[in-house]
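These entries record what I looked up in one structure, beginning with a local backbone feature and moving on to the sheet and the helices.

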Amino acid sequence: MINIKNLCYTYTNSKPYILDRINLKIEKGSYVSILGENGSAKSTLVRLILNLLKPNNGEIIISTSKIAYVAQKVENFNAQFPITVYEMLNCHRKVLKLKDKNLILKSLQAVDMESHIHTLIGNLSGGQQQKIFIARSLIGDPELLILDEPSTGVDNQSMEDLYGIIKGLNINLGITVVSVEHNLKAALDNSTNIFEMSNRSGILYTIHDYKNKLKQERR
């Protein structure tokens, strides 16, 4: 699905690189969580995958053009924000030039939010809003879903529901998931692989190997 070879990147166009010879292969149908300390360039890597930034060296090969992105949630909409869930998703459908209006209901059903189709987006909780953003990303029937810290600003109960939905999309619909994470527990509970970033590079682990690594470090 994604093959990154010897990727190097710097915002200044001069060394040192903030990403230095990254090699990462993400298989179709996997769920990869990207972990790392603040400043380890996790979000920069995502921007490169999304082609929002261009590598200084190396290449990123993606075997699908059906890619959806859910950005980090910064704040809730104001309760008076004058747009309904349906209107928000319908605008996205039009941007994608898709004719089938039934895609809106289908995407809401996938995140268990169809009962809120005519609710003002500002009247939803933070967790509900994040589900709507995921629903919006599903309208184009993506094969690859990329998320940036999806549980930011979400309470614990909503967090469990949210990750249950993301995992369900991965298992039941076969959507490949790549998620930048600060939530270690969610990464361990849901991922098939962990890509741990440090020292301007990273290592891809199976979830089994990463859990063993953590056990060794805690001894």
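**Entry 1: the loop between β1 and β2.** I began with N13, which is found in the loop between β1 and β2. The model is a predicted one, and I read each value below as computed from it. N13 has a positive phi of about 65°, although it is not a glycine. Most residues other than glycine have a negative phi, and most peptide bonds are trans. Is N13 buried or exposed? I found N13 exposed, with a relative accessible area of 65%.

I then looked at P16, which lies in the loop between β1 (2-9) and β2 (19-26). The peptide bond from K15 to P16 is cis, and its omega is near 5°.

**Entry 2: the loop before α1.** I checked A41, whose place is in the loop between β3 and α1 (42-49). Phi of A41 is near 70°, a positive value in a residue other than glycine. A41 is buried, with a relative accessible area of 12%; the cut-off for buried is under 20%.

**Entry 3: the sheet.** I next traced the strand order. Six strands form an open sheet in the order β5-β6-β7-β3-β8-β9, and the pairing is mixed. Which strands stand at the edges? They are β5 (67-70) and β9 (201-206); each has a single partner strand, so one side of each is left without a neighbour in the sheet. From one strand to the next, the twist averages 15°.

At one edge I followed the pairing of β5 with β6 (residues 144-148), which run parallel and are joined by four bridges. Within this pair, A68 stands opposite L145 in β6. Helix α4 (residues 126-138) packs on the sheet here and touches β5 and β6. The direction of α4 makes about 165° with that of β5.

I then turned to helix α7 (residues 207-218), which lies across β3 (31-36), β8 (193-198) and β9. Its course is at about 110° to β9.

**Entry 4: strand β3.** I asked how many residues of β3 are buried. Five of the six are, so β3 is largely enclosed by the rest of the structure. I recorded its two pairings in turn. With β7 (residues 176-180), β3 pairs in the parallel sense over four bridges, and V178 in β7 is the bridge partner of V32. With β8, which runs parallel to β3, there are five bridges; in β8, M197 is the bridge partner of G36.

**Entry 5: V32.** I singled out V32, which lies in strand β3. V32 counts as buried, at 1% relative accessibility. Leaving aside neighbours within four places in sequence, I listed the contacts of V32 as I26, V177, V178, S179, N193, F195 and L204. I also noted I194, which is 162 residues from V32 along the chain, while the C-alpha atoms of the two are separated by 5.5 Å.

**Entry 6: α2 against α3.** I examined how helix α2 (residues 85-95) and helix α3 (residues 102-110) pack. Their axes are 10 Å apart and the angle is about 120°. That makes α2 oblique to α3. I noted the crossing of α2 and α3 as right-handed. On the α2 side, V85, Y86, L89, N90 and R93 take part, and they meet I104, S107 and L108 in α3. The residues of this contact divide into five nonpolar, two polar and one charged.

**Entry 7: α2 against α4.** I then examined α2 with α4. What angle do the axes of α2 and α4 make where they cross? They cross at roughly 30° and come within 9 Å. The two helices are therefore roughly parallel to each other, since angles under 35 degrees count as such. The crossing of α2 and α4 is right-handed. V85, M88, L89 and H92 of α2 make the contact with I132, F133, A135 and R136 of α4. By class, I counted six nonpolar, one polar and one charged residues in the contact of α2 with α4.

**Entry 8: cross-reference.** I noted that V85 and L89 of α2 appear in the contact with α3 and again in the contact with α4. I also noted that α4 touches β5 and β6 of the sheet.

Notes: Residues numbered from 1 in each chain as written. Predicted model: local features only at pLDDT ≥ 70, side-chain atom pairs only at ≥ 80, totals over all residues. Heavy atoms only, no water. Pairing = 2+ DSSP bridges. Axes fitted to C-alpha atoms, helices over the stretch in contact; angles between N-to-C directions. Contact = heavy atoms within 4.5 Å. Parallel < 35°, antiparallel > 145°, perpendicular 65-115°, else oblique. Left-handed = near helix turned anticlockwise from the far one by under 90°. Nonpolar A, V, L, I, M, F, W, Y, C, P; charged D, E, K, R; others polar. Buried < 20%, exposed > 50% of the residue type's maximum accessible area, 1.4 Å probe, protein only.
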